[in-house]
Amino acid sequence: MVNYQVINPYTEKISATYQTATPATIEKALTTGHAYYQATRQQGFAGVQKRTKQLQRLATIFKQNEKRLAATATANMGKLLRESHGEVNGSIGVANYYAKHGAEALQPRVRQYQGSGQAQISYAPTGIVLTIEPWNFPYTQVMRVFAPNFILGNPIILKHAPSVADCALLFAEMVQAADIESAALQNLFLTNEQAATVIADSRVQGVALTGSVRAGRAVASEAAQALTKSTLELGGNDAFVVLADADVPAAAAAAVGSRLRNAGQVCVSAKRFIVVQAVAPAFTAAVKAAFAAQKIGDPREPNTTLAPLASAAVQQRIQEQVDQAISAGAEVLVAGGSVTEQTGYFFKPVLLGNITPDNPIFDEELFGPVGQIHVVDSDEAAIALANQSQFGLAGTVFGESAHAQAVAAHIETGQVFINQQAVAQPELPFGGIKNSGYGREMSEQALFEFANQKVIAD
């Protein structure tokens with residue numbers, strides 16, 4: 001059976017290996033999780049209030065262990081240590097949001113119907129939720145599913161990416177340190193085939209996946225066969241639109257920050273810079289200078305600005321995409337690519353232009369430090385190009401506020417940010433349309449994705 005293997009992306013050395021779950025371990029997790037659900041279902045709203053306090057303790061535990069959590073994330077997937085600290089604090093923010101607002105959102109509500117009729121809507125758990133999570137944000141991705149479902153009363157079985165197995169174990173350890181029942185979150189090292197078996201089990205009533213389109217199609221199909229609800233967050237090819245009245249230096253800084261954050265391995269990062277001709281020369285010059293100035297090195301060192309990619313496979317894939325783009329006529333504005341003269345899965349930033357619709361990467365997600373500049377002659381052309389994509393996750397528009405908002409209204413995505421980088425926020429629904437998936441994480445909406453919104457009418 002294939003084992004989980006953790007390889008440090010900076011040293012390229014194997015740091016840990018874990019055995020995948022046995023059938024007996026999986027059955028025990030399902031039995032334990034189902035018993036936990038049966039208990040929380042009986043507790044009603046009083047259980048919600050109890051779990052609110054437990055979730056607040058978890059936020060405190062995360063803060064107390066911030067250094068350890070951050071160091072583990074950097075060792076597992078290679079991100080800059082300061083970005084790992086940022087992720088830990090982001091996870092704390094998610095936990096705090098649901099600890100503060102979860103009970104209020106789940107308060108039973110009264111509705112009038114047919115004039116004199118009265119009904120109560122209550123929110124109850126439905127059962128085990130399997131969450132399948134990626135490696136790029138090993139804590140926040142988990143917290144975004146765990147926190148709302150924990151408040152509601154749904155137990156979580158976690159299948160994390162093998163490369164961040166240490167992070168998965170540490171998250172589960174933090175949950176138990178907060179005096180939360182271990183059945184509330186059970187980490188299992190599952191193969192894809194084992195995950196399919198779990199999805200097919202009648203005790204599992206929800207599946208939440210963040211990953212590729214291919215993974216999303218497979219999991220959605222498996223969930224559909226079991227008539228089990230699923231939510232999918234499948235990445236994007238996000239447009240970063242710069243209008244003629246934009247603050248160009250601010251737009252360029254935000255574009256670079258968004259594209260190179262987490263070494264470009266962010267689903268909502270700016271992938272396509274779509275710039276109106278009037279400001280294109282100044283914007284392009286600023287982005288080129290910033291891309292060329294990046295410093296690769298030890299992600300633990302404060303003067304390093306670009307960390308290694310998470311794995312050799314990610315490095316190879318992004319290099320193949322760049323090579324394909326150039327072969328198909330893309331212009332190289334900033335040369336870069338895989339670094340072979342030193343240890344670590346490093347990839348120097350690449351900036352491309354002249355990417356036509358027949359280029360093979362025109363509508364592919366580039367999950368690494370590769371930017372594209374598209375120059376257009378009007379707002380209408382910018383909108384059309386932004387929407388010419390199979391994806392629809394997030395986007396950004398830079399320009400005078402009212403002008404930018406008018407353009408944003410026509411962009412087909414789950415969220416658009418004005419004059420700032422697109423970043424998931426606990427208060428705001430997070431998710432996409434088209435091949436970026438369906439369902440929403442974060443905000444009060446995440447509390448209802450796997451809830452029984454039960455009506456009792458009299």
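**Exercise 1. Find which residue the UniProt annotation "active site" covers, and work out its surroundings.**

Step 1. The unreviewed UniProt entry puts its "active site" annotation on Glu233. Such positions follow the numbering used here, feature names are shortened, and an annotation may be inferred rather than shown by experiment. This is a predicted model, where local features need pLDDT of at least 70 and side-chain atom pairs count only at pLDDT 80 or more, while totals for chains, interfaces and linings use all residues. Residues are numbered from 1 along each chain as its sequence is written, and side-chain values use heavy atoms, with hydrogens and water left out.

Step 2. Look up the element: Glu233 sits in strand β9, residues 229–233. Helices (H or I, at least four residues) and strands (E, at least two) are DSSP runs, numbered from the N terminus.

Step 3. Check burial. Glu233 has a relative accessible area of 4%, so it is buried (buried is under 20% relative accessible area, exposed over 50%, partly exposed in between, with a 1.4 Å probe and protein chains only).

Step 4. List contacts (heavy atoms within 4.5 Å). Skipping neighbours within four places in sequence, Glu233 touches, among others, Gln141, Arg144, Leu209, Cys267 and Phe430.

**Exercise 2. Test the length of helix α4 against its expected span.**

Step 1. Take 1.5 Å times one less than the number of residues. For the 13 residues of α4 (140–152), that gives 18 Å.

Step 2. Compare: the end C-alpha atoms are 18 Å apart, which agrees.

Step 3. Now the covering: 13 of the 13 residues of α4 are buried. Just after this helix, Gly153 has a positive phi of about 120 degrees.

**Exercise 3. Work out the strand order of the open seven-stranded sheet, then place two helices on it.**

Step 1. The order reads β12-β15-β16-β11-β10-β18-β19, with mixed pairing. Two strands pair if DSSP finds at least two bridges between them.

Step 2. Edges: β12 (331–334) and β19 (415–418) each pair on one side only. On average, neighbouring strands here are turned by 25 degrees against each other, direction ignored.

Step 3. Zoom in on one pair. β10 (239–242) and β18 (394–398) run parallel over four bridges, and Val241 stands opposite Val397 in β18.

Step 4. Add helices. α10 (312–327) lies across β12, β15 and β16, at about 30 degrees to β15. α12 (401–408) lies across β18 and β19, at about 165 degrees to β19. Axes are lines fitted to C-alpha atoms, for helices over the stretch in contact, with angles from 0 to 180 degrees between N-to-C directions.

**Exercise 4. Identify the residues with the most contacts inside the largest nonpolar core.**

Step 1. A nonpolar core is a set of buried Ala, Val, Leu, Ile, Met, Phe, Trp, Tyr and Cys residues joined through side-chain atoms within 4.5 Å.

Step 2. The largest one has 125 residues, and Phe146, Phe273 and Phe283 have the most contacts inside it. Helix α3 (81–105) gives the largest share, nine residues.

Step 3. Apart from this core lies another, of 22 residues, including Leu30 and Val198.

**Exercise 5. Contrast the burial of Leu227 and Met442.**

Step 1. Neither is a glycine, yet Leu227 has a positive phi of about 55 degrees and Met442 one of about 65 degrees.

Step 2. Leu227 is in the loop between α7 (213–225) and β9; Met442 is in the loop between β21 (437–438) and α13 (445–448).

Step 3. At 77% relative accessibility, Leu227 is exposed, whereas Met442, at 3%, is buried.
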